[in-house]
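Biologist: I've got this one up on my screen now. Walk me through it, and I'll butt in as we go.

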Amino acid sequence: MEKQGRLVVEKVGGRSTVTRSFSKYPLKFIIPRKVGSSKADAVWVYTLTYGGGIVTGDSISCEFTIGDGCTTVITTQASTKVYKSLGAKCSEQVMEARVGSNALLAVIPDPVTCFSTARYSQKQIFRVASDSSLVLVDWITSGRHESGEKWDFDLYKSANHIFIGDEPLFLDMVHLENGSISSIAERMQDYQVNAMVVLLGPKIKHIKDLVQENVKRMMAEQLHNHSTASGRQQKINSDYRLTKPSFIASSSIFGPKGIGVVVRIAATTTESVYKFLQHQLAGMEPLLGVSPYH
């Protein structure tokens, strides 16, 4: 696939610096000179598409190389909109990133929002060293609520693959498709957001450990509150049905010696996921210059 974007970050004079940047229609990179604290050594890259979204038939491919010891943030200015599909054509986006030794890459976009009938597929491939660090947030909302759309798109696929050398470390796929037996909306029920957070590597070990503890605590508290509330309710009303929690998260480790953690989230509001990300990733501010999702 022809590349619409290429970006290389290397150390120049001891600082993380963009040494090569190329993008062409429909992709554009915005690289601010400085984001946040001057003490932090981080390059911020905003990726956007002309027209503010992805249209039918778009096929966007980009490649990032993060040199040894460099820190780079790849983010967006707003949610990625995938417009209505014309016919059965699928829009696709592929990102490949190489993360050098002792380097940190944070991929922290706003969510993908697929319009009614949209068909969208994305694949993100990360090639890391054994001491690279990676933060990856990948999330989707149910659509344009203000237009009455909830899980109204036809297809959404998101694959995330992480390799150390040629060895697969983490292979993940989310596949949502309207089927003949049940719709996406029926399967997702009241949940409006599906999110995944991957935390990997030595530079963010303290954040990874903290997030794991926080998720365990949050879910244990929710389970306790839920069971005591349902116990009270069932005494009052035998027809009581358990209400679903508005925010569910789980965490699990992966890789040798548990070097990575993946958090999966289902929530009834986009705001609650933004708040979760702000809170859990706040400790990255010294590394990135500003706190993610600030």
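Biologist: Which residues line the largest cavity?

Modeller: The lining is made of D138, W139, I140, Y156, S158, V174, N194, A195 and M196. A cavity here is a set of points, on a 1 Å grid over the protein atoms alone, where a 1.4 Å probe fits but cannot get out, and lining residues have an atom within 4 Å of a point. Bear in mind that this is a predicted model, where local features need pLDDT of at least 70 and side-chain atom pairs count only at pLDDT 80 or more, while totals for chains, interfaces and linings use all residues. Residues are numbered from 1 along each chain as its sequence is written, and side-chain values use heavy atoms, with hydrogens and water left out.

Biologist: How much space lies in that largest cavity?

Modeller: About 60 Å³, where a volume is the space filled by probe spheres set on grid points, and the points are joined across faces, edges and corners. The structure has one cavity of 30 Å³ or more.

Biologist: And which strands supply at least two residues of its lining?

Modeller: That would be β13 (133-141), β14 (155-164) and β16 (193-200). Strands (E, at least two residues) and helices (H or I, at least four) are DSSP runs, numbered from the N terminus. By type, the lining residues of this cavity are six nonpolar, two polar and one charged. Nonpolar covers Ala, Val, Leu, Ile, Met, Phe, Trp, Tyr, Cys and Pro; charged is Asp, Glu, Lys and Arg; the others, Gly among them, count as polar.

Biologist: Let's stay with β16. How many of its residues are buried?

Modeller: Seven of its eight, so β16 is largely enclosed by the rest of the structure. Buried means under 20% relative accessible area, exposed is over 50%, and partly exposed is in between (1.4 Å probe, protein chains only).

Biologist: What does β16 pair with, and in which sense?

Modeller: β13 pairs with β16 in the antiparallel sense over eight bridges, and V135 stands opposite L199 there. Strand β18 (residues 260-267) also pairs with β16, antiparallel and over eight bridges, with N194 opposite A266. Pairing means DSSP finds at least two bridges between the two strands.

Biologist: OK, new topic: pockets. How much space lies in the largest one?

Modeller: About 490 Å³. It has 30 lining residues, and the closest to its centre are T47, T76, T80, Q93 and P109. A pocket is an open set of points with protein on both sides within 12 Å along at least five of seven lines. Strand β12 gives the largest share of the lining, four residues. Overall, the lining has 15 nonpolar, 11 polar and four charged residues.

Biologist: β4 is one of the strands supplying that lining. Is β4 mostly covered or mostly open?

Modeller: Mostly covered: six of the seven residues of β4 (43-49) are buried. Strand β3 (27-30) runs antiparallel to β4, joined by four bridges, and L27 stands opposite T49. With β7 (71-75), β4 pairs in the parallel sense, again over four bridges, and V45 has I74 as its bridge partner.

Biologist: What about the second largest pocket: which element gives the most to its lining?

Modeller: Helix α3, with three residues. That pocket has a volume of about 210 Å³. Its lining counts 14 residues, with T113, T141, G143, E146 and T270 nearest the centre.

Biologist: Which residues of α3 are buried?

Modeller: In α3 (270-280), they are T270, V273, F276, L277 and Q280. They line one face of the helix, because down the axis of α3 they fall within an arc of 125 degrees. The arc is taken over the directions from the helix axis to the C-beta atoms. E271, K275 and H279 are exposed on the face turned away from that buried side.

Biologist: Last one, for my gels: how many disulfides turn up?

Modeller: Zero, searching the whole structure; a disulfide would be a pair of cysteine sulfur atoms within 2.5 Å.

Biologist: Why is C62 not in a bond?

Modeller: Because the closest cysteine sulfur, in C90, is 17 Å from that of C62, too far for a bond. C90 has the sulfur of C114 as its nearest, 9.3 Å away, and is in no disulfide. C62 is buried at 7% relative accessible area, whereas C90 is partly exposed at 30%.
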